[in-house]
Amino acid sequence: SDETGVISNLEEQNLLQKINNNAVKLEDYVNGSAKRGIVSGLSEAFTISKETKNKLIANDVNNKNIIKPLLQGRDIKPYQTIKPHKYLIFIPWHFPLHNDNSIIGASASAENEFMSKYPFIYKHLLQFKDKLSNRNKVETGIRYEWYAMQRYASDYYHEFEKPKIMYQVFQVKPCFMYDTDGLYCNNSMWFIPSDDMVLLGLLNSKMGWWLISKYCTAIQNGYQLIWKYFSQIPIVSGDENLRKQITELVNKIISLKKENSSANTSNLESQIDQLIYQLYKLTEEEIKIVERG
């Protein structure tokens, strides 16, 4: 069936049943789905260094409109605000006419407009034209525009600019961060368009990791957070007073990590763990089940 199977012992099954009776699936909790990071089809063309970014902007200040800060999965740590070392030249499908729904198929007019508005970036990409042109040439009968990103990203690129929870797809321990700086990411990461600090605290907690371990695919020393399965983990709304306390602690951790990335926040994280257990109304015995892993 389409239902997600969970392999666990009877003790864990009973706990999961109790939780599910008072919870909603993550996909319902966030009223949507997580979004995949950018797949450019040729990283060497679209991913640039800080030096190249500065050079392109020095050539034409308008270039900054389509150069985005880029995170790669290995860069992120729980709760931390990250200053990226790489940047992304973001060219949506049919750019810069991408908001014109009347355009169908590869558009020479879009390419000419791009070349006119952003000549230096066009020249940068031109050196990769052969490789870019040899990417997937056909998608449902539509030819790729050689200078643009893979087509799907055009459907939700504006979500990158909004507050969001970003996470690694492959995790050996909880690794979820919060972004309000309009960071983009490659496809080793996904993001949930949400500013819910309780959700961020839960996903980084012992309880969140236990739920991930029950629903997501195991890999060496960790789990693969494929949305089909990750989206099924049960989330409780819980008591508003508890939610307020969790939100305050999460915001405090984010603030401390922003001031000093090496700040020790283990005590605050432990407090969040205990509040999450209360949110899920776990008994002492049930907490032991979770903490045994």
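## Salt bridges and helix packing around α13

Glu 159 has a relative accessible area of 16%, which is under the 20% cut-off, so this residue counts as buried. That's one detail from a predicted model, and this briefing walks through a few more. The protein chain has 293 residues, and 51% of them count as buried. Its secondary structure comes to 13 helices and 15 strands. Among contacts with a separation of 6 or more, 69% are between residues 24 or more positions apart. Helix α13 comes up again and again below, so here's its range: residues 284-292.

**Salt bridges**

- How many salt bridges does a search of the whole structure find? The count is 12, and a handful of them are picked out here.
- Glu 11 pairs with Arg 292, and their closest N and O atoms are 2.8 Å apart. Glu 11 sits in helix α1 (residues 10-21) and Arg 292 in α13, so this salt bridge ties together parts of the chain that are 281 residues apart in sequence.
- The two ends of that pair have their own exposure values: Glu 11 is partly exposed at 40% relative accessibility, while Arg 292 is exposed at 55%.
- Lys 162 and Glu 159 also meet through their side chains, with an N to O distance of 3.9 Å. Lys 162 is partly exposed at 38% relative accessibility, whereas its partner Glu 159, the residue we opened with, is buried.
- Back in α13, Lys 288 forms a salt bridge with Glu 285, with 3.4 Å between the closest N and O atoms. These two residues are 3 places apart in the helix, so about one helical turn separates them.
- Lys 288 is partly exposed, with a relative accessible area of 44%, and Glu 285 is exposed, at 52%.
- Elsewhere, Asp 196, Glu 240 and Arg 243 are joined into one network by salt bridges that share partners.

**How α9 meets α13**

- Helix α9 covers residues 206-215, and its axis lies 9 Å from that of α13, at an angle of about 65°. With that angle, α9 is roughly perpendicular to α13.
- Which way does the crossing go, left-handed or right-handed? α9 passes α13 in a left-handed crossing.
- On the α9 side, the residues involved are Lys 206, Met 207 and Trp 210, and they meet Ile 289, Val 290 and Glu 291 of α13. Sorted by type, the contact has 4 nonpolar residues, 2 charged ones and no polar ones.

**How α1 meets α9**

- α9 also packs with α1, this time at an angle of about 110° and with the axes 12 Å apart. That makes this pair roughly perpendicular too.
- From α1 come Glu 12, Leu 15, Leu 16, Ile 19 and Asn 20, and from α9 come Met 207, Trp 210, Leu 211, Lys 214 and Tyr 215. The split here is 7 nonpolar, 1 polar and 2 charged.
- Met 207 and Trp 210 are worth finding in the 3D view: they appear in the contact of α9 with α13 and again in the contact of α9 with α1.

**A closer look at Glu 286**

- Glu 286 belongs to helix α13. Is this residue buried or exposed? At 15% relative accessibility, Glu 286 counts as buried.
- Leaving aside residues up to four places away in sequence, Glu 286 touches Leu 15, Lys 18 and Lys 281.
- Glu 286 and Glu 11 are 275 residues apart along the chain, yet their C-alpha atoms are separated by 9.0 Å.

**Two residues with positive phi**

- Asn 31 isn't a glycine, but its phi is positive, at about 55°. You'll find Asn 31 in the loop between α2 (26-29) and β2 (35-36), where it is exposed at 71% relative accessibility.
- Lys 281 is another non-glycine residue with a positive phi, near 55°. Its place is the loop between α12 (266-279) and α13, and at 65% relative accessibility it counts as exposed.
- Lys 281 has already turned up above, as one of the residues that Glu 286 touches.

Notes:
Residues numbered from 1 in each chain as written. Predicted model: local features only at pLDDT ≥ 70, side-chain atom pairs only at ≥ 80, totals over all residues. Heavy atoms only, no water. Salt bridge = Lys/Arg side-chain N within 4 Å of Asp/Glu carboxyl O. Helix = DSSP H or I, 4+ residues; strand = E, 2+ residues; numbered from the N terminus. Buried < 20%, exposed > 50% of the residue type's maximum accessible area, 1.4 Å probe, protein only. Axes fitted to C-alpha atoms, helices over the stretch in contact; angles between N-to-C directions. Parallel < 35°, antiparallel > 145°, perpendicular 65-115°, else oblique. Left-handed = near helix turned anticlockwise from the far one by under 90°. Contact = heavy atoms within 4.5 Å. Nonpolar A, V, L, I, M, F, W, Y, C, P; charged D, E, K, R; others polar.
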